[in-house]
Amino acid sequence: MKQKKWLSKLMTLFMVLALTFNGLLMTELTAKAAIAEPVTLMNTIKAISGLNVTWDDANATVMVTGCNDSITECIKLKIPKDVTVDWQASIKGAVTDDNYIIKVQCDGNQPIGSFKLSGNAKIERIATELNQGVISMIGAPPQYVGASESNGTLTIEENVEIILNDEISNGLYEAGVAIFINKCSAVISRATVSSSSGSAIYGDTSNITISDSEIYGQISSTWNSVISITGGIVINEIYPALSAKTVGVIELKGNAVVFGKPAIDVNTATASITFGEAVILISKSSENDDTSYNINTDKDLSVTPSSVTAKWVKKDGNSGIEYTKATESKFLKLSAYTVYTPVISITGVPSTATAGTNLALSGTIAPEDAANKDITWSVKAAGTTGATISNSTLKTSAAGTVVVTATVKNGASISTDYQQDFTITVTAAPGTKDTPDAQDTPDAQDTPDTPKTGDESMTMIWLTLLASAAGSSLILKNRKKKLN
């Protein structure tokens, strides 16, 4: 019995020692597997950007914070495959030495690590030449990436902004791409990506997931790329919003809303676009280049599904489209289009005038937010008034009726003037006789006007004076006769 107890204790001790040794061995192996601080990578970021760069050893992450609004050199990053760069900084610049402001690329054929944008990061590129973009991420060729390895992921988190401002091409597609993904993955969630050049995200042999984000510019899927879009909006005002070419796939899910010219462009022979029932596609006709539309019209617009309606509107001074699904309406702001509010009426125009007195012509245009509100005045029918207009001032010389026309250039539509006529009654000035019409002029057979009372008194005085003069002359003659 004692021997059995001794053997049992020995076995227990052996097991404790084995477990302890195994724990020490695992700790040592873990320590050996710890990722070394990527000094070269960190120094590169510091030297070019001047941002704050730190190393999070526990998560094998390079943290980048700070702000620089005058970046002039491309930040080229070769991220080791097990390292993540967490970019929380804001930068802006007109980089001239490369096509992108940040370029993440593989080191030879080695798989790359991950690049994450978080913490309200904002990266803005001022494009001064063609083919310039903001971020590119290029992974190693697939044949060099093991089944259990990652070829790098671009993650763009909530409230992050990626902006490509094009100053030279006026919206030409060749100006560049805001985000270019090649042989990698990308996850974009609740972020904003905008490109004034028209191309926002370009996927080449990549898997890209976009959820509840605002994308301004084209999303393109090529060469076996799969781009999945759930919710959010995609707007391209000058080109198709979604493009699938050369074995590209785009999947639209949830309540995503897409506006483009048109909304989608797909080569059905080699690519595909699928969309769920809740997705709304609004297309602007590509058959013309009109950029101005009358308010509350649906000219050149088509919508899928047909149960949804859309029209051109203005909201808070901004032009855009209002789409309505069931009883819910939402507004899409569009900067490349002008929604035109036509003149409906002109009121408050003077209706009376006095001959010889200048009258300033003015009127009130409705609605108040009409696109054009400058009125030009002209005489349509002067009648007997001798009316003329100069610098919106009506001048008349006689009583009568004058018809004037108010014209608002391009007031009825973007290319049609608005006109409205007004009748003004002109009266004679006080103390003056109305100018008679031609038919009132007396002819030779008309009885002359009867003299007025004042005229009769003057006649009697003159007759009396003449009689007195005649009598005096007769008396002088009689005296001369007597003297002789």
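Is R190 buried, partly exposed or exposed? R190 is partly exposed, because its relative accessible area is 45%; buried means under 20% relative accessible area, exposed over 50%, and partly exposed in between (1.4 Å probe, protein chains only).

A word on the model before we go on. This is a predicted model, in which local features need pLDDT of at least 70 and side-chain atom pairs count only at pLDDT 80 or more, while totals for chains, interfaces and linings use all residues. Residues are numbered from 1 along each chain as its sequence is written, and side-chain values use heavy atoms, with hydrogens and water left out.

## Salt bridges

A salt bridge here is a side-chain nitrogen of Lys or Arg within 4 Å of a carboxyl oxygen of Asp or Glu. Searching the whole structure turns up 11 salt bridges. Three of them are set out below.

| Pair | Closest N and O atoms |
|---|---|
| R190 and D212 | 3.8 Å |
| D289 and K261 | 3.0 Å |
| D290 and K299 | 3.9 Å |

Let us start with R190 and D212, whose salt bridge links distant parts of the chain, 22 residues apart. R190 lies in the loop between β14 (185-189) and β15 (192-204), and D212 in the loop between β16 (207-211) and β17 (214-222). (Strands are DSSP runs of E with at least two residues, numbered from the N terminus.) Like R190, D212 is partly exposed, with 39% relative accessibility.

The salt bridge of D289 and K261 also joins distant parts of the chain, with the two positions 28 residues apart. D289 is exposed at 62%, whereas K261 is buried at 13%. In the third pair, D290 is partly exposed at 31%, and K299 is partly exposed too, at 47%. Elsewhere, K76, D98 and K103 belong to a network of salt bridges.

## Aromatic pairs

Rings of Phe, Tyr and Trp (its six-membered ring) pair if their centres lie within 6.5 Å; planes under 30 degrees apart are stacked, over 60 edge-to-face, and the rest tilted. The count is 6 aromatic pairs. In one of them, W87 and F115 have ring centres 6.0 Å apart and planes at 55 degrees, so the pair is tilted. W87 sits in strand β5 (residues 84-87) and F115 in strand β8 (residues 114-117), and both residues are buried.

Y293 and W312 are stacked, with 4.4 Å from centre to centre and 0 degrees between the planes. Y293 is buried at 3%, as is W312 at 0%. Together with F259 and Y337, these two residues form one aromatic cluster.

Note on methods:
Helix = DSSP H or I, 4+ residues; strand = E, 2+ residues; numbered from the N terminus.
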